[in-house]
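Trainee: Could you take me through one part of this model up close? I'd like to look at the pocket and the helices around it.

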Amino acid sequence: MSSAEQTPRPVRLTAAAVVAGIEALGLVAGGVYMLVDALTGTSGDLTGAVTGAVTLVALGLIPLAAARGLWLRRSWSRGPAVITQILALPVAWQMLQANSAMIPAGIVLGVLAVAGLVLLVNPATTEALGIRRPGQDSV
């Protein structure tokens, strides 16, 4: 058992894993909703709706893997988690531009993305994942 596994998981790392997990669940839920909508015949373009649904579910696997990796303190997981947060920001912005029920979802997504980024670049998170900062000597 390594020393990283013996020390308690920092709260910020746990919170970052939870944020990534929530985003993964949102993507998968959106994909399932689109798929059910397409298969019940309420969607006009069946092929497009199924393709969109499958894409959302597949994209949900990225933050899901990142969340699991963060939870298990895998250093590789920070990269996909950061990329997910960065990609979520323009999506949240577009949702905020809508005149619909998408505005509250855009607010939630924006808050999650900013919070996720802050948590992921925090020195406690970096240290818990075993990632050395620039200029830090290897020990």
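Mentor: Sure, and let's start with the word pocket: on a 1 Å grid over the protein atoms alone, it is an open set of points where a 1.4 Å probe fits, with protein on both sides within 12 Å along at least five of seven lines, and lining residues have an atom within 4 Å of a point. This is a predicted model, where local features need pLDDT of at least 70, side-chain atom pairs count only at pLDDT 80 or more, and totals for chains, interfaces and linings use all residues. Residues are numbered from 1 along each chain, and side-chain values use heavy atoms, without hydrogens or water.

The largest pocket has 21 lining residues, with E23, L27, A88, V91 and L109 nearest its centre. Sorted by type, the lining has 17 nonpolar (Ala, Val, Leu, Ile, Met, Phe, Trp, Tyr, Cys and Pro), three polar and one charged (Asp, Glu, Lys and Arg), with the others, Gly among them, counted as polar. Helix α4 gives the largest share, seven residues (helices are DSSP runs of H or I, at least four residues, numbered from the N terminus).

Now look at Q85, which is found in α4. Q85 counts as buried because its relative accessibility is 1%, and buried means under 20% relative accessible area with a 1.4 Å probe, protein chains only. Beyond its neighbours within four places in sequence, Q85 is in contact (heavy atoms within 4.5 Å) with V19, E23, L112, A113, G116, L117 and L120.

Finally, α2 and α5 meet too: R12, A15, A16, V19, I22 and E23 in α2 touch L109, L112, A113, G116, L119 and L120 in α5. That contact divides into nine nonpolar, one polar and two charged residues.

Notes. Helix = DSSP H or I, 4+ residues; strand = E, 2+ residues; numbered from the N terminus. Buried < 20%, exposed > 50% of the residue type's maximum accessible area, 1.4 Å probe, protein only.
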